[in-house]
Amino acid sequence: MSECFLKLEGVAHRYGEGAETLTILEDAALSVMAGEMVALVAPSGAGKSTLLHICGLLERVQQGEVDICGRASSALTDRARTQLRRDRIGYVYQFHHLLPEFSALENVMLPQLIAGAGRSAAERRAAELLEAMGLADRAAHRPSELSGGEAQRVAIARAAANRPQLVLADEPTGNLDPATSEKVFAALMDLIDNEGAAALIATHNHALARKAHRVVTIADKKVVPLVL
Ligand code: ADP
């Protein structure tokens with residue numbers, strides 16, 4: 001039986017206080033298994049980013065529990081949470097957020113160096129990942145010298161650099177044209193397949209969402225299945 005890499009139970013999240021309170025999640029649950037890719041499709045403002053931030057331990061859970069690879073996160077110190085995030089989670093944002101003063105190769109090396117990898121091993125892995133993304137000939141380019149789709153593929157390579165067991169992506173193709181979106185999404189799926197990771201990917205693109213193993217949405221403050 002495959003392992004559960006992401007598990008949410010009884011999760012609640014609110015913004016604001018008193019009469020101003022906005023409840024985004026209430027008793028929400030979600031499990032994503034190793035090797036499983038789940039698409040998250042919901043209208044703008046439904047709480048996709050909030051959910052991804054909670055899953056990515058970027059936002060402390062207000063109520064309930066978030067397990068990452070079997071490890072409960074709610075009672076951890078900030079330091080331990082950061083460590084768990086660095087060790088297990090790869091995050092892809094809508095905008096690539098690459099560091100402008102570094103090359104594509106260096107951007108993919110950096111998280112490995114931070115995690116304690118040696119320089120040559122980090123460089124080898126970064127080159128392999130860029131090659132797998134079809135970017136071998138762009139390794140020395142800085143982000144400003146890359147197209148949107150290329151930069152986003154570098155960001156995916158960077159998210160994968162430390163072999164995360166959980167990949168979270170917040171509209172990773174949101175800023176790309178349809179053909180490039182296909183390519184970037186396929187690259188993301190290959191990578192998740194190759195690494196046997198679990199993935200939760202927010203997207204507005206129904207055609208891409210259908211390629212996932214399963215689609216969920218946020219309705220009545222819960223995470224529920226969606227048939228597209
Ligand atoms: P989505 O990613 O689906 O567009 P978000 O998770 O960004 O949705 O936001 C969900 C709702 O919570 C929105 O109505 C948004 O305005 C609100 N919201 C998000 N962040 C905050 C915040 N820090 N403070 C107050 N309200 C917020």
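The lining of the largest cavity divides into 4 nonpolar, 2 polar and 3 charged residues. The model is predicted. About 50 Å³ of space lies inside this largest cavity.

Which residues line the largest cavity? Ile54, Leu57, Val61 and Val66 are among them. With the class rule in hand, these are the nonpolar members. Glu59, Arg60 and Arg81 also belong to the lining, and they count as charged. Ser73 and Ser74 complete the list.

**A second cavity**

The structure holds 2 cavities of 30 Å³ or more. The second largest has a volume of about 30 Å³. Its lining has 8 nonpolar residues, with no polar and no charged ones. Val92, Ile156, Ala159, Ala160, Pro164, Val167, Leu188 and Leu191 make up this lining.

Where do these residues come from? Helix H5 (148-160) and helix H6 (178-195) each supply at least two residues of the lining of the second largest cavity. Helix H5 gives the largest share, 3 residues.

How is such empty space found at all? Rolling a probe the size of a water molecule over the atoms shows where empty space is left.

**Around the ligand**

Now turn to the ligand. The residues around the ligand include Tyr15, Leu22, Ile24 and Pro43. A run from Ser44 through Gly45, Ala46, Gly47, Lys48 and Ser49 to Thr50 is also part of this shell. By class, the shell has 5 nonpolar, 5 polar and 1 charged residue. Lys48 is in the shell, and Lys counts as charged.

Strand E2 (22-33) and helix H1 (48-55) each supply at least two residues of the shell. The largest share comes from H1, with 3 residues.

Which backbone atoms lie by oxygen atoms of the ligand? The table gives three residues, each with a backbone N or O atom at the stated distance from an oxygen atom of the ligand.

| Residue | Distance to a ligand oxygen atom |
|---|---|
| Gly45 | 2.7 Å |
| Ala46 | 3.3 Å |
| Gly47 | 3.0 Å |

These distances fall within 3.5 Å, the cut-off for a polar contact. How much of the ligand does the protein cover? On its own, the ligand has 570 Å² of accessible area, and the protein covers 56% of it.

Key: Residues numbered from 1 in each chain as written. Predicted model: local features only at pLDDT ≥ 70, side-chain atom pairs only at ≥ 80, totals over all residues. Heavy atoms only, no water. Near = heavy atom within 4 Å. Polar contact = N/O pair within 3.5 Å; in protein donor to acceptor, adjacent residues only side chain to side chain. Areas by Shrake-Rupley, 256 points an atom, 1.4 Å probe, with all protein chains shown as cover. Helix = DSSP H or I, 4+ residues; strand = E, 2+ residues; numbered from the N terminus. 1 Å grid on protein atoms, 1.4 Å probe; cavity = no way out; pocket = protein on both sides within 12 Å on 5 of 7 lines; lining within 4 Å. Points joined across faces, edges and corners; volume = space filled by probe spheres on them.
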